[in-house]
Amino acid sequence: MKNSLSLSLIFLSRPLFTATLLLIIHCIIVQSDANDLIAQTCKNTPYYNLCVSSLRSVPRSSRADVQGLALVMVDIVRSKASTTLKFINQELKRSPKLRRPLRFCASSYDAILTADIPEAIEALQKGDPKFAENGTNDAAVEASSCEDSFQGKSPLTKLNKAVHDTSVVASAITRLLL
Amino acid sequence: MADPSPLLPVSNSLEPSYNPVPEGTVSAGCPATRLRRSKKVLIAVFSGLLVVSLILATINNNSGAQHGDENASLAASRETAKPETLLPAGSRGVSAGVSEKANLKGAGVKDYPWNNSMLSWQRTAFHFQPEDNWMNDPNGPLYYKGWYHFFYQYNPNAAVWGDIVWGHAVSKDLIHWLHLPLAMVADEWYDKNGVWTGSATILPDGKIVMLYTGSTNESVQVQNLAYPADHNDPLLLRWVKYSGNPVLVPPPGIGAKDFRDPTTAWKTSEGKWRIIIGSKINKTGIALVYDTEDFINYTLSSGILHAVPKTGMWECVDFYPVSKTGQNGLDTSVNGPQVKHVVKTSLDDDRHDYYAIGTYDDKAAKWYPDNPEIDVGIGIRYDYGIFYASKTFYDQSKGRRVLWGWIGESDSEVADVKKGWASLQGIPRTVVLDTKTGSNLLQWPVEEVESLRLKSNDFNNMEVKAGSVVPLELDGATQTSFAEFELDKKAIERAAESNVEFSCSNNGGASHRGALGPFGLLVLADDNLSEYTPVYFFVAKGNNGSLKTFFCTDQSRSSVANDVRKEIYGSYVPVLKGEKLLVRILVDHSIIESFAQGGRTCITSRVYPTRAIYGAARLFLFNNATEAGVTSSLKIWNMNSAFIRPYSNEQQ
């Protein structure tokens with residue numbers, strides 16, 4: 001009885017086994033092909049893991065060429081900068097003592113969102129990537145400047161670092177397009 | 001009134017072989033990537049039928065976690081990790097030369113928020129800049145019917161690059177500019193995504209032809225023809241785009257985004273017009289050659305004019321003859337035994353302009369450098385500071401070749417947005433061959449800049465002992481100085497030899513002391529020397545007792561602000577026997593242009609002091625050498641404004 005049960009289980013499981021095996025192969029190959037370009041691209045950036053995880057978190061990365069990956073990364077910078085600016089505006093109400101550096105940071109992040117990011121997107125889309133490098137490099141500088149303005153007592157350290165590091169990655173990716 | 005007669009003989013309208021590029025076809029990836037992708041598509045389709053989303057998610061996570069270990073099997077090759085060679089976050093380092101806004105985490109230096117006083121000081125008095133917003137490459141400079149014309153890449157909407165159109169200005173003397181309405185905007189499908197850089201050719205009958213790059217509505221780079229609507233209008237206000245544009249599309253083998261910036265045309269020995277356009281094949285920078293008789297139909301040369309490996313994309317290429325003997329400029333079509341030819345390129349990879357001198361073979365459409373070790377892109381730069389996308393033109397009214405160069409900002413874009421503008425043009429420079437060395441050019445501000453001189457101050461034989469600073473009793477942020485320096489001869493003989501190779505950027509700037517240098521001027525300094533920009537010479541004594549001179553500008557103390565670039569620029573400068581060390585410096589608010597040995601080595605820098613501004617800006621002589629004293633004589637003029645403003649009908 002047990003034998004026939006186990007036999008029938010094996011019999012039933014074979015197509016399932018085959019399907020699962022094919023599935024695994026499919027995923028590894030599909031992932032690896034997408035990973036290949038993402039991996040190769042990210043190897044040319046100073047924060048490999050951040051680069052890979054950021055790009056992979058966006059579905060269209062798996063179908064993108066290097067220019068596409070650059071645009072994905074720039075959009076990630078934009079999103080993190082936007083989050084940071086919202087937080088800054090909240091902090092302005094909560095921490096009046098930090099008003100001066102917070103205001104400075106607000107204008108820095110405003111510039112990132114209204115100047116650096118649009119410049120980078122336009123440059124990538126229209127085909128003059130060096131201006132995308134300028135824009136993303138500048139975003140990294142603005143984030144660092146903002147952090148420095150607190151002289152050690154920053155409530156934004158994690159956020160600034162996220163913007164800074166993703167900007168640096170985006171800049172490194174645009175360099176591949178030059 | 002529009003010009004009724006066609007500019008050129010009517011010819012068969014060009015049937016472009018260009019079809020709009022389907023999205024996704026053009027990729028910066030190398031061929032292997034594209035192969036892998038099509039394989040992936042096949043397999044994905046085949047096995048896609050078996051996908052169960054839950055299992056998919058589980059396996060995704062697994063392969064993600066293992067990815068780090070599987071690098072060796074997935075990657076094509078194991079590269080040495082480039083990240084390790086990068087400098088502190090945000091900075092690509094001086095050696096990479098990337099145009100960037102490096103952040104200096106000044107220890108304990110308080111953040112310096114910019115106020116309106118500091119920002120408005122930065123605008124120049126006599127350098128070309130539009131009233132506001134962003135500018136980059138010079139375009140189509142020319143002289144016509146009594147006016148110098150200058151066009152430029154312009155963003156009418158922001159202080160950063162974008163929405164690019166052609167700005168326009170005129171001048172009688174290359175110094176006093178009057179702004180005119182925009183010459184060309186992005187109103188055709190073939191330049192919808194950018195009316196980019198181009199050059200003018202003046203035909204023998206005096207008519208003007210403009211070739212420029214358009215970024216099409218699908219971001220393909222093509223070349224277009226434009227010409228003045230009315231050749232009788234000396235202001236050349238309105239421009240017509242040829243109805244059959246584009247006249248050139250990327251040829252086979254050339255990337256759709258690697259085809260831009262056509263040059264001025266010159267006549268070949270066969271009587272055709274010839275232009276070059278920069279491009280690249282993988283990482284080799286090249287110049288494509290096209291011949292035409294009507295500027296509408298072109299023949300691509302089977303070879304290229306020249307190529308240099310590992311230089312990357314060649315932007316804004318330029319090609320022109322220089323006289324071997326004379327001090328005059330030459331029309332672009334001049335050729336012959338008394339002439340050498342210069343090939344110049346702007347390198348996208350490092351944002352610097354390079355030139356090389358060589359020989360042009362008109363029949364073969366080829367050019368060969370005199371010295372391949374200092375070939376295009378790996379040798380001499382026009383300028384060792386900020387100077388890009390430069391372009392020359394032949395000024396037929398004065399028989400000189402004049403060079404324009406785009407001078408970007410080196411502050412933060414926040415500041416640019418706050419102050420509402422970004423970028424300058426350098427003072428136009430004449431360009432001639434240095435007949436004394438034969439191996440480099442000489443660049444010199446056009447003589448018309450001297451018309452701005454106000455009162456002058458002479459300082460004769462000032463002694464500057466080793467390790468001292470001498471104030472010069474004058475002030476101002478707008479001045480031009482001519483200074484000559486002589487090193488104490490005994491100190492030169494005594495100085496120890498060194499086999500350490502000096503370089504401006506790697507030697508700690510003006511505060512690093514050597515036996516025979518650095519010495520020079522402290523520009524835009526405040527009384528306390530909390531801010532100053534040294535422009536200086538450093539003399540190094542090599543192994544066989546030979547002297548090698550370097551010319552540098554050090555921005556590391558130019559401002560207490562921590563969001564401006566603080567690099568040290570400069571290079572070797574040839575100094576011939578018997579020559580004194582000579583420097584000419586133009587200071588015009590936030591731009592400093594310095595020329596050593598009559599223009600053999602030039603450095604343009606942008607500085608943003610917060611204290612050494614307005615009446616507080618001072619000038620000092622300095623000598624930071626450990627052993628040698630220096631004697632210096634100077635002549636310094638205060639400079640008037642050029643009153644650059646919009647053109648109005650009341651004025652001439």
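What follows is a chat about the helix packing, sheets, cavities and unusual backbone spots of a predicted model.

Me: What makes α3(A) and α4(A) roughly antiparallel?
Reply: Helix α3 (residues 66–94) and helix α4 (residues 99–126) of chain A pack at an angle of about 160 degrees, with axes 9 Å apart. Angles over 145 degrees count as roughly antiparallel, so α3(A) is roughly antiparallel to α4(A). The crossing of α3(A) and α4(A) is left-handed, by the way.

Me: Which classes do the residues of that contact of α3(A) with α4(A) divide into?
Reply: The contact has 18 nonpolar residues, plus four polar and four charged ones.

Me: And why is α4(A) called roughly antiparallel to α5(A)?
Reply: Here the packing angle of α4(A) and α5(A) is about 165 degrees, and the axes are 8 Å apart. With over 145 degrees as the cut-off, α4(A) therefore counts as roughly antiparallel to α5(A). As for handedness, α4(A) passes α5(A) in a left-handed crossing.

Me: Over to chain B. What makes β5 and β8 of chain B edge strands?
Reply: Chain B has an open sheet of four strands in the order β5-β6-β7-β8, paired antiparallel. β5 and β8 (239–241) of chain B each have a single partner strand, so one side of each has no neighbour in the sheet. On average, neighbouring strands of this sheet are turned by 30 degrees against each other, direction ignored.

Me: How do you know that β7(B) and β8(B) pair?
Reply: Pairing takes at least two bridges. Strand β7 (residues 221–228) of chain B has three bridges to β8(B), and the two run antiparallel, so the pair passes. Among the residues involved, Pro228(B) has Trp239(B) in β8(B) as its bridge partner.

Me: What about β9(B) and β10(B): how many bridges do they have?
Reply: Two, in the antiparallel sense, between β9(B) and strand β10 (residues 273–281) of chain B. The cut-off is at least two, so β9(B) and β10(B) count as a pair. Trp266(B) has Arg274(B) in β10(B) as its bridge partner.

Me: Which strands are at the edges of the sheet with β9(B) in it?
Reply: That sheet is open, with four strands of chain B in the order β9-β10-β11-β12 and antiparallel pairing. β9 (266–267) and β12 (298–308) of chain B are the edge strands, as each pairs on one side only.

Me: How many cavities of 30 Å³ or more are there?
Reply: Seven. The second largest has a volume of about 80 Å³, and 30 Å³ is the cut-off for the count. It has 13 lining residues, and the closest to its centre are Asp128(A), Asp137(B), Gln153(B), Thr197(B) and Asp261(B).

Me: Which elements give two or more residues to the lining of that second largest cavity?
Reply: From chain A, α5 (130–148); from chain B, β1 (133–144), β5 (195–202) and β13 (314–323). The lining has six charged, four nonpolar and three polar residues.

Me: Where are the cis peptide bonds before Pro246(B) and Pro518(B)?
Reply: One joins Asn245(B) and Pro246(B), with omega about 0 degrees. Pro246(B) sits in the loop between β8 and β9 of chain B. Another joins Gly517(B) and Pro518(B), with omega about 5 degrees. Pro518(B) is in the loop between α7 (489–494) and β27 (519–525) of chain B.

Me: What is the phi of Asn133(B)?
Reply: Positive, about 70 degrees, although Asn133(B) is not a glycine. Asn133(B) lies in strand β1 of chain B.

Key:
Residues numbered from 1 in each chain as written. Chains lettered and ligands numbered in written order. Predicted model: local features only at pLDDT ≥ 70, side-chain atom pairs only at ≥ 80, totals over all residues. Heavy atoms only, no water. Axes fitted to C-alpha atoms, helices over the stretch in contact; angles between N-to-C directions. Parallel < 35°, antiparallel > 145°, perpendicular 65-115°, else oblique. Left-handed = near helix turned anticlockwise from the far one by under 90°. Nonpolar A, V, L, I, M, F, W, Y, C, P; charged D, E, K, R; others polar. 1 Å grid on protein atoms, 1.4 Å probe; cavity = no way out; pocket = protein on both sides within 12 Å on 5 of 7 lines; lining within 4 Å. Points joined across faces, edges and corners; volume = space filled by probe spheres on them.
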